[in-house]
Amino acid sequence: MFMQYITGFDAILSFNVIGLILFGTCVGIMFGASPGLTASMGMALLMPITFSMNTISSMALLIGLYIGGTSGGMITAVLLGIPGTPAAIATTFDGYPMARNGRPAAALGFGLISSFVGGMISLVILFNIAPRLAEVAVKFTPADYFAVTLFSLSLIAGLTGKSIIKGLMSGIIGLMVATIGPAALEVTPRFTFGFESFNAGFQLICVLVSVYAVAELFLFSGQSYKDDFDLSYDTSKLKGFGVKLKDFQGQVFNLVRSALMGTFIGILPGIGAGTSNIMAYSAAKNASKTPEEFGNGIKDGIIASETANNAVTGGAMVPLLTLGIPGDAGTAILLAGLTLQGIAPGPLIFTKSADIIYAIFATLIVANVLMILVEYWGMKTFLHLVKIPRHYILTIVMLFCVIGAYSQNNRIFDVYSVWMIGVLAFVLVKLGFDMTPFVMGFILGAILERNLLRGLMFEDGSFLHFFQRPISGTFLILTIGYILYVSITGFIAKNKKVSLDTVES
């Protein structure tokens, strides 16, 4: 295995690949630092660039965007009190007060170093868990894959957004969109409503661009230019990391706990860094001897939030590489990138494409190192770049949406589909639906249907056998139990709120 890691580094140690990682990291940081321009949007917009690249080069660019975008949200969260991404929401709680109290460099330093540590801890876990999990997953039958995928969808629907019902509905709508076009095990078109353009179905890249770019474009287009923020902060105060090693004294447990929480949440499909940073922040506050200091600029809060949200990146790669199930929005786009290169993520990838896997591992390490170096040296520059008026940025985003949709298959229908699904996503967001279940439903829909049909074929059409198999039966019971648990607890919480409102009135 050691030699495989050496081979992985050898595959990426060229000016071309390192340059792509660096470029992706810089662009990702800019997207992450600009409120509304997420890492997922940057990855979706630059995906067409990877069409003509080889697998390692395309992964280098996308992973750089993924790592940089996750960490970039910290910059504006600390200096402007505006989280660039949902992953940096909890960072604003103490990062911004610390900056306002005259310690901006220290706030950024704690965030930068914690981001790096969290990312590296999660990668160590990834490198140790993924190959062993793949050895187990290679023995999965179609029934087992169906049950695991269904359980993943239930987790996604239940742990994203405020409503389990809307989460389930969003996932179901994604599944419905995935059924348009050729059937899973045959080429017969279905649900095309007589339109020949629907025969090939909707392309994954078009759906990703629609949800993460077009829908956001519609949302921001309705905002006033006054919503753009001004950089009134004196960037001359930003010097060095602003912290020393001794400043992390007593924070080892906080770092490790937050990294483990972030990694575990990353492994659970569809939850992501937006949840991990708040959970880690809450855990740090509950464990603190001085919880009253949280929210006033305490370093514990910054360290917990930034360690956890960057630890998600390694955790989310575990289900992607071993089961072909993306852990979050970023890895969903990485899945699309691998698929476009003819690589099918799953347990067999560790034997059929071991060179690609270890090159990806090496790229993740290099991207994390470049992330901390780029943010250290380019902090002031990035802050000035995010001052660009939003209406200029949205125009460029619109152009990339059209180019990205058309460039994959050179079909004008793909451009139309981007705007059709974009409008649908915009309406769903305005109605309070979370789009993560929608995207995951679309991606996992084909996997779910294909393995359901194969499982039924192997079991002579009997679904009862799915419950009789150890792995599939366990995950099906977990799925049913989890949905019942979330539904019952949600019902109790809703009734309790109604009762309290009645008492107060």
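Helices (H or I, at least four residues) and strands (E, at least two) are taken as DSSP runs and numbered from the N terminus. The structure is a predicted model, in which local features need pLDDT of at least 70, side-chain atom pairs count only at pLDDT 80 or more, and totals for chains, interfaces and linings use all residues. Residues are numbered from 1 along each chain as its sequence is written, and side-chain values use heavy atoms, with hydrogens and water left out.

Within this scheme, Leu65 is placed in helix H4, which spans residues 55-79. Leu65 counts as buried at 1% relative accessibility, where buried denotes under 20% relative accessible area, exposed over 50%, and partly exposed the range in between (1.4 Å probe, protein chains only). The C-alpha atoms of Leu65 and Gly42 are separated by 7.0 Å, the two residues being 23 positions apart along the chain. A second C-alpha pair involves Arg132, a residue of helix H6 (residues 104-137), whose C-alpha atom is separated by 9.1 Å from that of Thr322, 190 residues away along the chain. Arg132 is partly exposed, with a relative accessible area of 47%.

Side chains of opposite charge can pair when their charged atoms come close. With a salt bridge defined as a side-chain nitrogen of Lys or Arg within 4 Å of a carboxyl oxygen of Asp or Glu, a search of the whole structure returns two such contacts. In one of them, the side chains of Arg190 and Glu449 meet with an N to O distance of 2.6 Å. This pair links distant parts of the chain, given that Arg190 belongs to strand S2 (residues 189-190) and Glu449 to helix H18 (residues 435-458), with their positions 259 residues apart. Arg190 is buried, at a relative accessible area of 18%, whereas Glu449 is partly exposed, at 22%. The salt bridge between Arg411 and Asp414 has an N to O distance of 2.9 Å; here Arg411 is partly exposed at 22% relative accessibility, while Asp414 is buried at 0%.

Backbone geometry was examined in the loop between S2 and helix H9 (204-221), where Phe191 is located. Most residues other than glycine have a negative phi, and most peptide bonds are trans. Phe191 nevertheless has a phi near 55°, a positive value in a residue other than glycine, and a positive phi near 55° is likewise found for Phe193. Phe193 also lies in the loop between S2 and H9, and it is exposed, with 64% relative accessibility.

A pair of aromatic rings is described by the distance of the centres and the angle of the planes. Under the criterion that rings of Phe, Tyr and Trp (its six-membered ring) pair if their centres lie within 6.5 Å, with planes under 30 degrees apart taken as stacked, over 60 as edge-to-face and the rest as tilted, the count comes to 17 aromatic pairs. One of these is the stacked pair of Phe463 and Phe466, with 4.6 Å from centre to centre and 20° between the planes. The two partners are unlike in accessibility, Phe463 being partly exposed at 34% and Phe466 being buried at 0%. Both belong to one aromatic cluster, which is formed by Phe146, Phe463, Phe466 and Phe467. A charge is considered to sit over a ring if NZ of Lys or CZ of Arg is within 6 Å of the ring centre and within 35 degrees of the ring normal; Lys166 lies over the face of Phe433 in this sense, at 5.6 Å from the ring centre.

Phe463 and Phe467 are also among the members of a nonpolar surface patch, together with Leu464, Ile477, Ile480, Leu484, Ile488, Phe491 and Ile492. Patches are made of residues with over 30% relative accessible area and no salt bridge, like charges being joined within 9 Å and nonpolar side chains (Val, Leu, Ile, Met, Phe, Trp, Tyr) within 5 Å. The accessible area of this patch is about 890 Å² in total, as obtained by the Shrake-Rupley method with a 1.4 Å probe, for which only the protein chains shown count as cover for residues. Helix H19 (464-468) and helix H20 (470-504) each supply at least two residues of the patch, and H20 gives the most, with six residues. Ile480 is found in helix H20 and is partly exposed at 46% relative accessibility.
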